[in-house]
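User: Could you take a close look at one part of this model and walk me through it in plain words? I'd like to know how the pieces sit together, not just get a list.

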Amino acid sequence: MTDPTAMGASGAGLLSGTLVLDLSRALAGPQAAMMLGDMGARVIKVETPGGGDDSRGWGPPFLGEGEERESTYFMAANRNKESITLNLKDQSDIEVMTRLVRRADVLIENFRVGVLDRLGFSVERLHELNPGLVILSITGFGHDGPEARRSGYDQIAQGEAGLMSLTGIDEPTKSGVPIADLLAGMNGAFGTLAALLERQQTGRGRVVRTSLIASVVGIHAFQGTRWTVAGELPGLSGSHHPSIAPYGLFHTATGPIQLSCGSEALWQKFAPAVGLDPLEPRFASNGDRVAHRDELVATLDAIFVEHPAEHWLTLLDEVGVPSGKVRNLAEVYEWEQVLSQGLLVEVEHATKGTLSIPGPVIRFDDNSFGGARAAVAAPPTLGQHNDSIRTWLDETEPTNG
């Protein structure tokens with residue numbers, strides 16, 4: 001364990017005293033590291049000199065110009081971290097990396113298969129330096145199998161793992177966020193915590209592996225068993241649920257709303273409220289409604305377009321039918337409910353001053369906002385903590401005898 005007071009911004013947290021080395025870049029690995037940082041771990045992000053994490057160059061939008069330019073994409077996955085730049089082909093930097101490995105509890109990497117070995121930090125070498133080290137390794141297509149060496153990017157994984165075949169109306173469509181990366185990061189963080197828990201019993205670390213393709217296949221849910229069990233091949237489902245009706249997006253006089261009749265009891269409340277007979281033969285059961293979904297959707301759209309969205313949302317709320325708006329992100333980040341959950345936080349950036357960024361998503365009974373740590377630290381500038389990390393290593397190096 002590292003010194004829990006080493007990073008002043010981290011404060012208390014369930015993982016306080018845990019040191020994470022984040023060698024990853026782009027999104028999947030950084031997401032996993034950020035989640036551990038949200039829980040109070042000290043996260044040191046190891047970046048290449050000159051450019052750093054690839055996502056530092058992903059834009060626009062950027063804040064600032066030239067060398068002071070900061071990518072808003074990078075800011076999305078790197079709060080609660082320190083940054084040190086190391087050239088792992090330079091002997092002096094290799095020595096710093098070796099010292100960090102000896103002190104760490106977790107190392108996260110998402111290189112292509114074999115890259116870390118070529119840099120001199122194979123799994124065997126890492127565990128020789130630190131037998132208790134938990135290593136999280138995230139790849140695009142898995143660490144073995146016939147296509148293990150393929151490069152993995154989010155949209156490629158969404159297509160290859162079937163998600164795009166389920167999403168869209170006229171053609172396969174990717175998710176509006178890099179969901180394969182995000183899920184791989186979440187799965188990786190989950191597996192890392194399990195390995196840390198095991199280490200309390202054994203004293204030894206292990207390798208945790210996940211991939212973008214595994215993370216997408218792992219969320220097929222009922223769509224997966226439609227094929228594997230029932231032999232029914234799912235297709236594009238648009239904005240309506242393939243197995244429940246009515247459940248989806250409908251058009252009112254002032255814009256779309258969404259509603260869900262996820263049970264027969266809800267249908268019995270909903271139908272009379274909008275002027276339909278709940279026992280009408282085409283729509284009497286969920287099976288009937290799914291079979292006649294196109295007719296039902298057309299019928300409801302013709303009803304809903306007669307009044308504005310707020311009229312229908314108020315009515316549906318009164319009769320107890322789940323419903324909601326379709327908000328853009330400006331509306332989301334102004335919504336009082338989102339603000340009440342601590343999902344937007346202010347941080348002090350080293351060069352850009354006060355910024356508002358999305359915040360941690362988990363709350364605990366003794367920590368009302370911001371996950372498990374006392375304060376949220378801004379995403380670091382490249383190499384911002386070069387000197388402080390080296391000083392910390394020098395001042396806290398274990399002595400013999």
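Analyst: Here's a walk through the open sheet, the helices lying across it and one loop residue. This is a predicted model, so local features need pLDDT of at least 70 and side-chain atom pairs count only at pLDDT 80 or more, while totals for chains, interfaces and linings use all residues. Numbering runs from 1 along each chain as its sequence is written, and side-chain values use heavy atoms, leaving out hydrogens and water.

Let's start with the sheet. It is open and built from six strands, in the order S5-S2-S1-S6-S7-S8, with parallel pairing. (Strands are DSSP E runs of at least two residues, helices H or I runs of at least four, numbered from the N terminus; pairing takes at least two DSSP bridges.) At the edges sit S5 (82-85) and S8 (207-211), and each of these pairs on one side only. Ignoring direction, neighbouring strands in this sheet are turned by 20° against each other on average; axes here are lines fitted to C-alpha atoms, for helices over the stretch in contact, with angles from 0 to 180 degrees between N-to-C directions.

Now zoom in on one pair. S1 (residues 19-22) and S2 (residues 42-47) run parallel and are joined by four bridges. If you want a spot to click on, try Asp22, whose bridge partner in S2 is Lys45.

Next, the helices. H1 (residues 28-38) lies across S1, S2, S6 (106-109) and S7 (134-139), and it runs at about 155° to S6. H3 (residues 91-103) lies across S1, S2, S5 and S6, at about 140° to S1. S1, S2 and S6 turn up in the list for H1, and they turn up again for H3.

Finally, follow the chain on from S7. In the loop between S7 and helix H6 (154-160) you'll find Ser151. With a relative accessible area of 37%, Ser151 counts as partly exposed, between buried (under 20%) and exposed (over 50%), using a 1.4 Å probe and protein chains only. Setting aside neighbours within four places in sequence, Ser151 touches Arg112 and Phe141, where contact means heavy atoms within 4.5 Å. The side chains of Ser151 and Arg112 also share a polar contact of 3.4 Å (N or O atoms within 3.5 Å, one able to donate a hydrogen and the other to accept it). Tyr73, on the other hand, is 78 residues from Ser151 in sequence and 21 Å away in space, C-alpha to C-alpha.
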